[in-house]
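Please open the model in a viewer and keep the sequence panel visible. The tour below proceeds by selections, one stop at a time.

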Amino acid sequence: MSNFSNGLIGLSVLTGSDAFTAFAASNAATPIETKAQRKAKAAFTTPVTTPPWKQKASTLSDSSQVSLIKSMKTIIDKASSSSATVPGDVQTTFVAYKALDRLRLLAESAAKDTTASSERTNLEKAFAKGLADLKTYLGSAPSDKMDLSFGSLARQAQTVGVKAASSLSTATIVGTGVNDTRTAPLAGMTGKEILRIDLSQPGVSDSVTVDLSGTPQPPTLDSVADAINAKIAAVPKRDASGNAVLDDTGNPVPRWPSVKFVPAKTGEKWTLSLERAGFETVSIDQVGASDALMVASGVTEPDTPTNTRISRFDDLTTDPTRKTLGTISAVDRAATARQEVVASTDTTGKAKATTISAAAIAQAIATDANGFSYVVGTTAGDIGGNLSHGADDLFLTKVDSEGSVVWQRNLGAAGSAQGAAVTIAPDGGIVVAGTVTGGFDGANSDGDMMVARYDASGGETFSTLVRSLGAQSATAVAVGADGSIYVGGQTEANGGDAYLARLDATGTLKETRTIGGAGVDTVKALAISGDGQVLALTSESGQATLHKLDAGSLATDIATLGLGRADARAIAVAADGTIAVGGATDAALSGTQANAGGAGRDGFVARIDAGLSGAAITYVATAGEDQVDSVAFLGGEIYAGGRTNGTLGTAKTGTTDGFVARIDASTGAIGTTSQFGVIGAKTESVRLSAIAGGDSVLGAIGLHRGTLTPSDSVTLEAQTSLRAGDEFSVRINGGALRKIVIGDDDTLSTLADRVRQLVGTKVASVTTPLKGVGRNLRIDLKPGNEIEFVAGSAGKDALAKLGLDARRISSPASVPDDAPKVRPGGAFALGLNEALRLDTKTEAANALSRITQAISFAQSAYRSLYWDDTKALLADTGVSNGRKPGSTAIEQAQLGNYQAALTRLSGGSSSYTGF
């Protein structure tokens with residue numbers, strides 16, 4: 001049973017009698033100590049105390065004790081005035097033991113057959129908080145001779161892996177494997193393609209065009225590489241006057257001597273690789289390639305979190321083909337850790353330590369002129385080097401034209417954030433909108449729209465909260481020709497009004513406006529009209545309405561068009577100003593009817609003229625339920641992405657399928673429709689973006705459109721979930737706390753330099769070794785030193801985002817050869833993990849076992865502070881030369897004689913320490 005005395009009042013220093021008195025009272029013979037034992041024992045000076053497990057047990061029943069534990073603010077006892085004279089090491093073991101004993105009671109209760117699931121949930125809540133409190137306490141608990149760790153012992157600390165600045169100068173960039181052999185013909189290439197290669201470095205740039213029709217046919221990796229390299233090699237270096245520079249033989253000196261494409265093997269496949277000196281920027285594209293669509297859609301399979309799948313539709317004008325390119329997924333770190341715990345205790349071998357996914361739900365996609373796509377959404381999991389703190393966060397992922405991830409970012413909000421929309425600014429910047437609740441950049445939000453702008457390398461240019469009374473949520477974003485940013489959504493004012501805001505190109509809020517009536521209203525989508533004004537698609541008491549607003553003054557209405565009762569949610573604008581609106585409806589909409597609707601809920605696309613004078617409606621309908629999620633103009637056609645649980649031309653595959661339909665922009669007639677799905681799975685919102693020239697053959701040679709050379713931002717803000725202003729502190733060898741604050745331009749290298757300077761070379765070595773595809777910051781302690789890592793203030797903690805625990809790491813001092821073999825204290829680990837759970841009886845039983853083991857370790861840590869018979873035996877353990885330290889043969893014989901004499905005198909055994 002546990003002792004529930006408040007604080008450490010039960011912990012007291014005991015007084016004792018001298019050794020002779022003890023001998024006389026016990027009438028027992030005292031073993032005589034060797035020289036080695038005396039030397040070792042002299043270091044054990046901790047005052048004798050009553051161990052916590054020998055204190056008077058509580059008289060309360062276990063159930064009453066469990067109720068008390070659940071009601072406690074923390075299971076960690078506070079130090080009392082009476083414990084001030086007690087050594088810190090003893091206090092630490094005492095507090096840890098009592099906390100563990102309380103956790104044991106919770107686990108025992110949860111492991112019982114009779115415990116109801118609702119009660120087990122309550123026990124789990126208290127248990128999880130208790131584990132967290134114990135971990136926090138031990139991270140900075142008093143420590144002198146003894147160090148007690150929550151998890152495992154550590155002499156080093158290392159952060160999450162990130163890309164280092166050196167990655168930007170990588171000399172060889174290897175493509176994706178495409179062919180089994182080097183000489184095999186390249187599938188998907190006709191040999192008539194024309195490629196353009198752009199080369200640049202500071203102060204100079206060139207572009208070459210390669211017509212593959214003049215190369216050996218059919219195309220191979222070597223023939224394509226030879227043709228490209230010949231063109232690059234023919235570009236001459238020029239002097240300041242623009243004249244070609246000649247070598248000693250009179251031949252032009254190549255401007256790009258180090259740049260070449262070379263067939264290379266990656267894994268079991270062959271591809272093209274790019275070689276360079278390390279500072280040249282190289283891009284590639286296909287001239288005259290057909291158009292394509294990039295699609296991001298969620299897939300939810302049974303008992304599996306939703307992930308986002310990226311696909312591309314090629315051959316749009318004939319028979320569209322869908323190519324699945326990749327997946328955006330996140331990791332549930334806590335669930336993965338729990339699975340590892342389950343696997344480690346499974347005696348059947350059936351449980352495996354596998355990575356558990358977290359939902360990663362896409363909300364929008366946009367594609368830039370170079371073929372790179374940007375997907376924004378929401379996840380509560382880890383994504384790339386961005387570590388989650390457990391709440392939802394906005395993510396932004398950049399993928400190349402072949403679907404490979406280029407970089408991933410999350411907002412890093414201290415509270416929660418949801419991604420809503422993304423668009424490409426006229427100057428190529430990426431602008432996203434979302435909703436933030438809780439802490440963000442030092443502010444506390446009750447729910448506000450957020451706008452952030454990134455550059456193509458993933459660096460955040462700015463982020464702005466659109467703040468006003470009450471809560472708002474963002475759903476849409478658009479950028480004008482002058483860089484002005486328009487964000488729309490809903491405010492809770494008046495029961496829910498549509499809300500719009502205008503920011504300038506620097507992220508400064510300029511104006512806001514509400515649109516609302518008696519019902520619930522919201523902005524569903526935004527776009528810039530052909531004449532540069534703002535188009536706002538709203539839902540007003542269930543009625544779909546399109547507003548045209550003055551881009552310089554949102555309060556000024558230019559035109560309005562009502563469509564009727566519908567869930568209109570997507571908008572696109574053609575080059576000639578024609579507008580397309582998509583969504584779902586269960587009623588006929590206002591306007592010319594291009595076809596008939598179905599009997600249930602139908603998807604629709606409304607074609608609207610630039611002046612908003614009227615609409616023509618096309619229904620995408622089956623016998624089931626249908627909806628349009630996104631629309632885009634491309635090649636004079638309208639493309640609609642959506643979902644159906646019916647059949648649109650091809651058989652249904654999943655419980656809900658996705659589709660992409662081509663609609664004639666003039667007549668509204670539905671052309672080809674591609675339906676896709678996963679057996680037994682539900683396809684979520686289908687978000688598409690138009691890609692002019694996106695149907696390229698570059699994937700056939702293992703490459704992608706656009707810049708091939710690395711250009712990622714390597715700041716910690718870009719590579720992790722850190723934000724400028726996040727902080728942590730370190731305490732070195734018990735000294736003063738020293739704070740480290742993350743700056744806007746901090747990289748792994750600059751952070752390592754600051755830590756290295758703060759720690760000093762005598763305490764630890766600070767390096768940035770390779771870890772996976774990146775590098776991490778690693779701190780290796782030198783003997784006799786310790787560093788305590790202390791978390792930053794609430795909402796600004798950098799440790800967790802770096803993948804570091806708030807804890808103490810220590811390295812024992814080097815011990816001289818003649819030092820005692822037994823010394824007080826040492827390093828002990830409880831072997832605990834915050835992944836321990838009480839959700840089920842099995843998990844509770846496992847947690848109970850781990851807690852029971854941890855209690856034993858805590859007892860060992862306490863006992864390590866005091867001398868006992870076991871330590872006496874260890875002190876005389878032989879060393880490598882076979883000699884007992886501190887004891888010669890003569891000394892051993894003398895001790896034996898003294899012991900025999902004492903035994904005869906006393907008639908028993910005792911503990912005499914005088915020799």
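Begin with the hairpin of strand 37 and strand 38, which has 5 residues between the strands; there, select G668, whose phi is positive, near 85 degrees. Strands (E, at least two residues) and helices (H or I, at least four residues) are DSSP runs, numbered from the N terminus. The model is a predicted one, in which local features need pLDDT of at least 70 and side-chain atom pairs count only at pLDDT 80 or more, while totals for chains, interfaces and linings use all residues. Residues are numbered from 1 along each chain as its sequence is written, and side-chain values use heavy atoms, with hydrogens and water left out.

**Around strand 37**

Extend the selection to strand 38 (residues 670-676), which runs antiparallel to strand 37 and is joined to it by 5 bridges. Two strands are said to pair if DSSP finds at least two bridges between them. One bridge to display is that of A661, whose partner in strand 38 is T673. Next add strand 36 (residues 637-644), which pairs with strand 37 in the antiparallel sense over 8 bridges. Here I638 has I663 of strand 37 as its bridge partner. How many residues of strand 37 are buried? Of the 8 residues in strand 37 (residues 657-664), 7 are buried. Buried means under 20% relative accessible area, exposed means over 50%, and partly exposed lies in between (1.4 Å probe, protein chains only).

**Strand 27 and its two hairpins**

Select strand 27 (residues 534-540), where 7 of the 7 residues are buried. In a regular strand, side chains alternate between the two faces of the sheet. In strand 27, V534, A536, T538 and E540 point one way, L535, L537 and S539 point the other way, and all are buried.

Strand 26 (residues 521-528) runs antiparallel to strand 27 and is joined to it by 7 bridges; A527 stands opposite L535 of strand 27. The hairpin of strand 26 and strand 27 has 5 residues between the strands, and G532 in this hairpin takes a positive phi near 85 degrees. On the other pairing, strand 27 meets strand 28 (residues 543-550) in the antiparallel sense over 7 bridges, with L535 opposite K548 of strand 28. The hairpin of strand 27 and strand 28 has 2 residues between the strands, and S541 takes a positive phi near 55 degrees.

**The sheet 22-23-24-25**

Now show the open sheet of 4 strands in the order 22-23-24-25, with antiparallel pairing. Which strands stand at the edges? Strand 22 (472-479) and strand 25 (509-515) do; each has a single partner strand, so one side of each is left without a neighbour in the sheet. Neighbouring strands of this sheet are turned by 20 degrees against each other on average, direction ignored. Such angles are taken between N-to-C directions and run from 0 to 180 degrees, with axes being lines fitted to C-alpha atoms, for helices over the stretch in contact.

Strand 22 pairs with strand 23 (residues 485-491) in the antiparallel sense over 7 bridges, and S473 has Q490 of strand 23 as its bridge partner.

**Two residues with positive phi**

Most residues other than glycine have a negative phi, and most peptide bonds are trans. Select N494 in the loop between strand 23 and strand 24 (497-503); N494 is not a glycine, yet has a positive phi of about 55 degrees. N494 is exposed, with a relative accessible area of 63%. Then move to L612, in the loop between strand 33 (602-608) and strand 34 (615-620). Phi of L612 is also positive, near 60 degrees, but L612 is buried, with a relative accessible area of 5%.

**The sheet 5-4-8-40**

Show next the open sheet of 4 strands in the order 5-4-8-40, with antiparallel pairing. Strand 5 (204-211) and strand 40 (706-707) are at the edges, each with a single partner strand, so one side of each lacks a neighbour in the sheet. Strand 8 (residues 281-287) pairs with strand 40 over 2 bridges, and I284 has G706 of strand 40 as its bridge partner. For the final selection, take P218, in the loop between strand 5 and helix 6: a cis peptide bond joins Q217 and P218, with omega about -10 degrees.
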